[in-house]
Amino acid sequence: VGIFTTCYYYSTLYPVYCIYRIYSKSGFDILNCILILPVFLSLILPAKQSPKLLSTYFFKCALKYHDYEEVNEFTDEEYEKASQTKNFIFATQPHGVLSVAGICYGISKAPKSIPPTAVASILLRIPIMKHVFGTFNLIDASKKSLTEALKRQSVVIYIGGMAELFLSSLTEEKLFVRQRKGFIKLAMQTNADVVPCYFFGNTSTLEVIKNKVLMNISRTIGVSITLFWGRWGSPFTLPRKVLVVRGRPIGVPYSANPSNEEIDLWHEKYVSEVERIYNQYKVRVPEY
């Protein structure tokens, strides 16, 4: 997990450092060419999902480090059978500084593939970062992209997004959900169902500086601009337990043009399910 958190922390700084070296005094000497080569290759090469890589012992160690546990009320067998005729939006909360639970979930399923995760489009373009996180199968979080994806497959959406990142706390759990209803409308219009998922531990493995100015800047550009830290003040995560709970589909109906009342009804049902999952399973995680 430390690989991913460190990459998230430094991947935006590394290209800036390379440019600084080139334009300060050194120019394109041999050392600078070697330093900038990974950035250049990452710019021109597409990212690729790598579940076989995630299935190696090296990555599986993350599951032990975080005492990873998983509860699937909607079992894998049920999902495989239902997905033959229906696609799903795995509505996931909380976001956390970085989804450590999401990383552990992807590693636990490897070498099997998992549904693509929707992220801000800029994360798909940042050199190095796009390849490191691309191992988990990422897609653009725009409505157009998600609508197209849901014609073929299920997707994972972090409902709280960037706003929820800045709510992360080691002592208090907060979700950004009451104002997020677009995923319900998307599900109704694409004939997809919604599966509530709760990622216990996502907010207790890293600390973050919370500031409204930084939050507004981050939401504008689509990537977090802040400082975060974990064990020993480094980007490495704290050794806290991670529990992933996948609830059952809430039964969202198809509607090409749903009314606000319909959206509110099914959004409220989603919120109720999230609250139930949280209250039922929080006793399994010491930090809660």
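Where is the place of Pro111? Look in the loop between H7 and strand E3 (117–119). Bear in mind as we go that this is a predicted model. The peptide bond leading into that proline, from Ala110, is cis, with omega near 10°. A second cis bond turns up between Gln93 and Pro94, with omega at about -10°, and Pro94 has its place in the loop between E2 and H7. These are worth a look, since most peptide bonds are trans.

Now step onto H7 itself. This helix is mostly covered, with nine of its 10 residues buried. The buried set is made up of Val100, Ala101, Gly102, Ile103, Cys104, Tyr105, Gly106, Ile107 and Lys109. Lys109 may catch your eye in that list, and it belongs to helix H7, residues 100–109. Its relative accessibility is 17%, and because the limit for buried is 20%, Lys109 counts as buried. Setting aside neighbours within four places in sequence, Lys109 is in contact with Glu70, Asn72, Asp76 and Ile114.

From there, move to Glu73, in the loop between strand E1 (69–72) and helix H6 (76–82). Glu73 also counts as buried, at 18% relative accessibility. What does Glu73 touch, not counting residues up to four places away in sequence? The list is Glu78, Arg246, Gly247, Arg248, Arg276, Gln280 and Tyr281. Glu73 also lies 9.4 Å from Pro249, C-alpha to C-alpha, with their positions 176 residues apart in sequence.

Pro249 comes up again with Glu273: these two are 24 residues apart in sequence and 9.7 Å apart in space, again C-alpha to C-alpha. Glu273 lies in helix H13 and is buried, its relative accessible area being 19%. Leaving out residues up to four places away in sequence, Glu273 touches Pro196 and Ile250.

Staying with H13 (residues 260–281), see how helix H11 (residues 182–190) meets it: the two axes come within 9 Å and cross at roughly 110°. H11 and H13 are therefore roughly perpendicular to each other, and H11 passes H13 in a right-handed crossing. On the H11 side, the contact is made by Phe183, Ile184, Lys185 and Met188, while H13 brings Glu262, Ile263, Trp266, His267 and Tyr270. Sort the residues of this contact by type and you get six nonpolar, one polar and two charged.

H11 has other partners too. Its buried residues are Phe183, Ile184, Leu186, Ala187, Met188 and Thr190, and the buried residues of H11 pack against strand E2 (88–93), helix H9 (143–149), E5, E6 and H13. Just after the helix, Asn191 takes a positive phi of about 60°.

That brings us to other backbone oddities. Most residues other than glycine have a negative phi. Asp67, though, has a phi near 45°; you will find Asp67 in the loop between helix H5 (57–65) and E1, where it is partly exposed at 46% relative accessibility. Asn137 is another case, with phi near 70°, placed in the loop between helix H8 (129–133) and strand E4 (138–140). Is Asn137 buried or exposed? Asn137 is buried, with a relative accessible area of 18%.

Finally, the rings. How many aromatic pairs are there? The count comes to 13 aromatic pairs. One of them joins Tyr158 and Phe199, edge-to-face, at 6.1 Å centre to centre and 75° between the planes. Tyr158 sits in strand E5 (residues 155–158) and Phe199 in strand E6 (residues 193–200), so the pair ties together parts that are 41 residues apart in sequence. Both Tyr158 and Phe199 are buried. Then there are Tyr278 and Tyr288, whose ring centres lie 6.0 Å apart with planes at 70°, so this pair is edge-to-face. Tyr278 belongs to helix H13 and Tyr288 to the segment after H13, so here the parts tied together are 10 residues apart in sequence. Tyr288 is partly exposed, with a relative accessible area of 25%. Elsewhere, ring pairs link Phe74, Tyr79, Phe88 and Phe90 into a cluster.

Conventions. Residues numbered from 1 in each chain as written. Predicted model: local features only at pLDDT ≥ 70, side-chain atom pairs only at ≥ 80, totals over all residues. Heavy atoms only, no water. Axes fitted to C-alpha atoms, helices over the stretch in contact; angles between N-to-C directions. Helix = DSSP H or I, 4+ residues; strand = E, 2+ residues; numbered from the N terminus. Parallel < 35°, antiparallel > 145°, perpendicular 65-115°, else oblique. Left-handed = near helix turned anticlockwise from the far one by under 90°. Contact = heavy atoms within 4.5 Å. Nonpolar A, V, L, I, M, F, W, Y, C, P; charged D, E, K, R; others polar. Buried < 20%, exposed > 50% of the residue type's maximum accessible area, 1.4 Å probe, protein only. Phe/Tyr/Trp six-rings, centres within 6.5 Å; stacked < 30°, edge-to-face > 60°.
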